[in-house]
Structure formats: structure tokens, C-alpha cells
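User: I would like to go through this model with you, one point at a time. Please keep the answers short.

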Amino acid sequence: MSTAFIENTAGPSAARYARKRAARGRPVSANPSSRRPGWVTYAFLAVVIAVSVFPLYAAAMYGSSTTTEITRAVGNLPRWLPTLTLWENFGEVFATEQFSIWVAFGNSLLVAVTVSASTVFFSALAGFSFSKLRFRGRQGLYVTVLATLIIPAQVGTIPLFVMMNEFGWVDSLLALIVPGLVGAFGVFWMTQYLKEALPYELVEAARVDGASMFRTFWSIALPAARPAAATLALFTFIGSWNSFFWPSVVMRSQLTMPLVVPQLRGVFTSDTGLVMAGVFLVAAPLLVVLVLAGRQLVAGVMAGAVKG
Amino acid sequence: MAHDLASPRPVRRVGWGQRISRWDFKLSPYLYISPFFLLFAVFGAFPLVFNVVVALHDWHRRTGMGDFVGLDNFAWVLQQPLFWRSLENTISIFLLGGVPQLFLALLIAAILDQNLRARTFWRMSVLIPFVVMPVATSMIFGQVFGQFGILVPNLQELGLLTDYSSPFFQDRFLSHVAIGSMVVFRWTGYNALILLAAMQAVPRDLYEAATVDGASRFRQFFSVTIPSIRPTLIFVILTMTIGGLEIFDEARLFDGGGTGGGSGGADNQWTTVMLYLFNLGFGQWQDRLGQAAAVGWIFAFIILIISLANFWLTRRISSADAAQPRPRRVRRRAQTPDLPTPSDITDASLEGVRR
């Protein structure tokens, strides 16, 4: 950017400033944000990463150690690299008769997959209706959906528990699945997305060609909603997988992955190495999800996904 | 059929196919939104009403519904010192976890909002804590803050601690610091990405103009960036409030759960309201569902009030930041065009608050 241009557009004092900067070897560039940041930035980010991975790393290190090693490592992690003890501890966690981590894994997977598949399907269906179909009361009903978003959900725990008791669903996976089949956030998410992504002309063309409503949804709207659907599925899955409060209210003997964690202390008591190995095992699967779908997750958060 | 053919009838009859198609056209919109409303009616709205019924009765987990007791449960809860203690704990943990989180998230977002190499890599790694199960974090932090952990022996070494056992499990304030740090750990990166998205939508020519006008990087951050991301900032603070006050996982497993643990400390140093509600209804020796339901109602009311106050405060503060009126264009551009943005949700949920 020439100083003459600056003088013309921003005035003489700005031009004087720009000249002074240029004399100091730091000219005003046309696009300051295109500058590459220095090493301090990367050092800071490295620290952020170190903090982010620290807890799981610490769990792996504790899990690789015996109790004596842990008590002796005053004020430090017992070691810096994992050892075979970690595998032995994993084996012991898998082998315990008090609970089965495989069953818990299966339960968690079943619940999370069902809940996210159903959330995506019903949210897309409702989103299609709200965004592209005309019907009486549409506006009011949509505002109702949005209004339900601010109800603090956990507050209804007690009556929900009483209901589950009546249904005979206490200690059944149904209690975890059915209330989560579709939510207001999903409906909102899909509606907003389809509003932009699906042209009216396509819907009308399908109608003219004699497609039924559902056919139109299935072959036109659903494919158009795919990116938003994938993000919604991902976040619903993570939310369901990590949820602890409601399962610990309504489950008794049936475990999901988060419910395994309090069991660890009960079963392995003061054997910290075993407990931490178990904690690592329980927390690891979602790391795989982050590695596989990290890009999508980042895009989803940045598009304004809400906490699960 | 023969009779049908013989009888005279209007020529332009509406065929079955067409009739079905018209019903399809009229009813489908309602049919498609009905799953949400049905599910919400049963598992969202009904419990809300039913909560009042439970709270007005003597209700136990083992014996079920008992006598009608009026507002006794509410009075009982409000007279419990433990309820107030748990409310104080919750707010203290919320502040200790929320305030640093917000500043750190702003800092990280500002740092990510540069022309970085391997951009996606940094963004992904900031999200690691978000996918780590909160109960696992809680156990690990419990270990790190514990007697044989990392912090306590070093503090002893420095002479800052004389007691052998960990003060993070004794002292009320320190236990809140420990639990607050888990909250910071879990949500900072996530919120940083939300703020980053808003920052990237700020038109770059604003920065250009600011540079030309001689504004420093800091000045640009406070006079251009912050005012431009205002709606997102409000959104982040609002969701942080609702989520932060309902904290449960981190407090429950801080001392490992298992036998005897998990109730919030020997003196209830870190019992949060949700943990108190849980203990009342489902704790080892208790099954007071009526009182727990009353806690639920009172707490919902408190959350609503705090959220509204928070919203009002944030609005005032961030509009005071923007000293000069900005052109509307800027604010509108600060939203991503193709997907719903946080500010949409803020507007949406606020619409709900207002009615």
C-alpha cells in the first residue's frame, strides 16, 4: 500500500504514520492478517496442547505403574513412557468379574448409535417440514420448539425417574434411549440448515413430478441435509456417550461406559495403577472419534453447535 | 362395478390417487413435526408439570406417593443449611471455572485467528478436552490434586504446606479451585473455537482501516474484535451459565466415587446443587423424592434468574465497550451465512426467555 494512497484515503497524518513505520522497517501491509505469526504463537499453542493431552497422558503413566512406584514418585508423574504394566492392567480391568467393560461398551454404543440415528432422522423430517412446507401454525410451532431450548433439562430428573419407575424402565437401556430420540436443538439445527441449503424449486419440481411428500423428503431433502446431519449425529453421539447424570439416576446393574468409572474405585480400591488404567480405557474410544472425525467436529463447533 | 358404471355421475370426479395426494399434502407437515412434539410432551413438558405434583407430596422412592403436604417440602428445603451451602458451592465453582475460561478462550481464539500453518491441526487439538469423558477427567484430576499427586508434594517442598494430606480435599475454597479447573479444562477450547468462528467473520478491511489509523494490535482487539463478536460472546456466556450451574459429574467423582465417596466431601465442601438433589433422591441412605423435586423447582427458578441477570449484564457491558455506534452491516456480516450461528440461537432462546 503506497503512502500516496493512504494520504488520499485516510488523510495526511495516517500517511505520516505509515511513512514512519516504513522507515522502521515495518511497512503497513495491504492485508495485515496474511502475515505469518512468529514462534511465540506456536510455543503458546504447544503449551495449550500439552495441557489438553495431559490428563489422559497422566492416566496412562499412572496406569503403567505399581502402587509403590506411584507413592514414591513424590510431586511428579511416576514415569514418562508407558510400560508393559499398562497392558497387564488393561487385561486385569477386562478380566474382573465385578463388571464387564465389554458389556458397558456395547450398551454405550447401542444407546449412542440409536439416539443419534433417530435424532438425525426425526430432526431432518421436522426441519424439512418447518423450512419448506407451508401449513397453518408453522411460525408458532417453531417458536415453541425454540422456547423449549431454555428449559434446564436436568431439573425434571425426579418426575422423569418416577415415570421410568412406572414404565418399568429403571435399569433398562430404554430409559436412556427413548427420552433422547429427538430434541429441540436438532430440529432447530436442521431447519436452519435446510432453509439455506434446499431450494424451493427442487421441492416443487419433485411435487410436479408426482412424488409423495415422504419421497420428496427422502430423495431431495435428506441428501441436501447430509453435511448438517453428519455434524448433528457426531455431537449427539458424543453427548450420549459421555452422559453420566441421568444414567447414574436410572441405571442399577446395567452399566454404560461413564458408569464404569465409579465402579473402578469400588472394585480396585486403592490400587491406583489399575484404577487409572481403567479410566484410560473408558476415555480412549472418543479419542479415536476425534482423530477420525476431527475436521468435522471443528467445523461443527465453529458453525455454532451447542453443548451436549 | 356394473351398477357404478350405469349410474350417472359428475364427469370430473376426484380420483383416489388425487385425494390421497391432497391429504398427503395437508397432513404430512404436521406428521413430520409430530415426533418431536410427542416426545417433548411425554418426556419434557409432562415431567415439568408432574414435578409440581411430586414436590407437593410426601414421596419416597421405595413407597411411592404419600400424603399431600402442600408447600412443606419447599419450606423444608429452604430451611436446610446444606441446600444453601450447596448453592454457594455451585456459584463459587461456576465463577472459578467460568471467568478464567472466558478470558482464556478469548486469548486462544485471538491466537488461532492468525494466518497459522497447519491450522486444522491446532484447532483439532484444542478440542481434545471436549471429547474426554468428564468423569474420567474428574478421577484423573482427583489423583493429580491428591496426597500422592503432583501438586501437593511440591507445595510441601516449597514450604507452603505443612499438612501431609491434600488440602484440595479439605479446604472448601481449594476444592472449588480444583473442580473449577476441570471446568476450565473441558470447555475452554470448545468456546475458543466458537469465538474464533465469530472473529473470522469480522471483515478484514476493518483491521486494515484500524492499522492505517495507527491502532496497535491490542487496541484493534478491544475496539474492533470484541465489539464485532458481541452476539457470540453473549451466547457463550449464556450457555456457560446454564451448563455451569448444573455441574455434577466433576464434583461427584472428584474423590473417586466408589464406597463412601461421591457425596461432595466429608463436610460437603464441594457438594453442588445437582449433587445435593441426587443425594436426596438417590443417595445411599435417602429416598426423599418429594424434597428432591422441590430442589429441582427452586433451582430451575434460580438458574432462570441468574441467566436473565447475566444476559442483562453482558448486554450492558459489551455495549459500553462499543463506544461508537457501528454500521449495522458489520454486525450482520459477523454471522456465518451457510449454517445456523450461535447468535441465531441466542436470539432464539432469548425469544423464549422473553415470553
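Analyst: Helices are DSSP runs of H or I with at least four residues, numbered from the N terminus. The model is predicted.

User: Between which helices does A:D171 lie, and what is its phi?
Analyst: A:D171 sits in the loop between α8 (157-167) and α9 (174-177) of chain A. The residue is not a glycine. Even so, its phi is positive, at about 70°.

User: Is A:D171 buried or exposed, or in between?
Analyst: Burial takes 20 or more other C-beta atoms within 10 Å, and exposure 12 or fewer. A:D171 has 13, so it is partly exposed.

User: How does B:A118 count, buried or exposed?
Analyst: B:A118 is in the loop between α4 (81-112) and α5 (119-126) of chain B. It is not a glycine either, yet its phi is positive, at about 50°. The cut-off for exposure is 12 or fewer neighbours. B:A118 has 11 C-beta neighbours inside 10 Å, so it counts as exposed.

User: What is the distance between the end C-alpha atoms of helix α3 (residues 39-63) of chain A, and why does it agree with the expected span?
Analyst: The helix has 25 residues, at 1.5 Å a residue. The expected span uses one less than the number of residues, so it comes to 36 Å. The value in the model agrees: the end C-alpha atoms are 35 Å apart.

User: Where does α3(A) bend, and which proline follows?
Analyst: The bend is about 50° and falls at A:F54. Within four residues comes a proline, A:P55. Buried residues of α3(A) include A:S52, A:L56 and that proline, A:P55.

User: Which residues of strand β1 (residues 57-60) of chain B are buried?
Analyst: The side chains alternate along β1(B). B:D58 and B:H60 point to one face and are not buried. The other face carries the buried pair, B:H57 and B:W59.

User: Which residue is the bridge partner of B:W59?
Analyst: β1(B) pairs with strand β2 (residues 64-68) of chain B in the antiparallel sense, over three bridges. A hairpin of three residues joins them. In β2(B), the partner of B:W59 is B:M65.

User: Which helix gives the most to the side of chain B that touches chain A?
Analyst: In this contact, 101 residues of chain B meet 98 residues of chain A. By class, the chain B side has 62 nonpolar, 27 polar and 12 charged residues. With 18 residues, the top contributor is helix α2 (residues 16-55) of chain B.

Terms used. Residues are numbered from 1 along each chain as its sequence is written. Chains are lettered from A and ligands numbered from 1 in the order in which they are written. This is a predicted model: local features need pLDDT of at least 70, side-chain atom pairs count only at pLDDT 80 or more; totals for chains, interfaces and linings use all residues. Helices (H or I, at least four residues) and strands (E, at least two) are DSSP runs, numbered from the N terminus. Two strands pair if DSSP finds at least two bridges between them. The bend at a residue is the angle between axes fitted to the seven residues ending there and the seven starting there. Two residues are in contact if their C-beta atoms, placed from the backbone, lie within 7 Å. Ala, Val, Leu, Ile, Met, Phe, Trp, Tyr, Cys and Pro count as nonpolar, Asp, Glu, Lys and Arg as charged, and the others, Gly among them, as polar.
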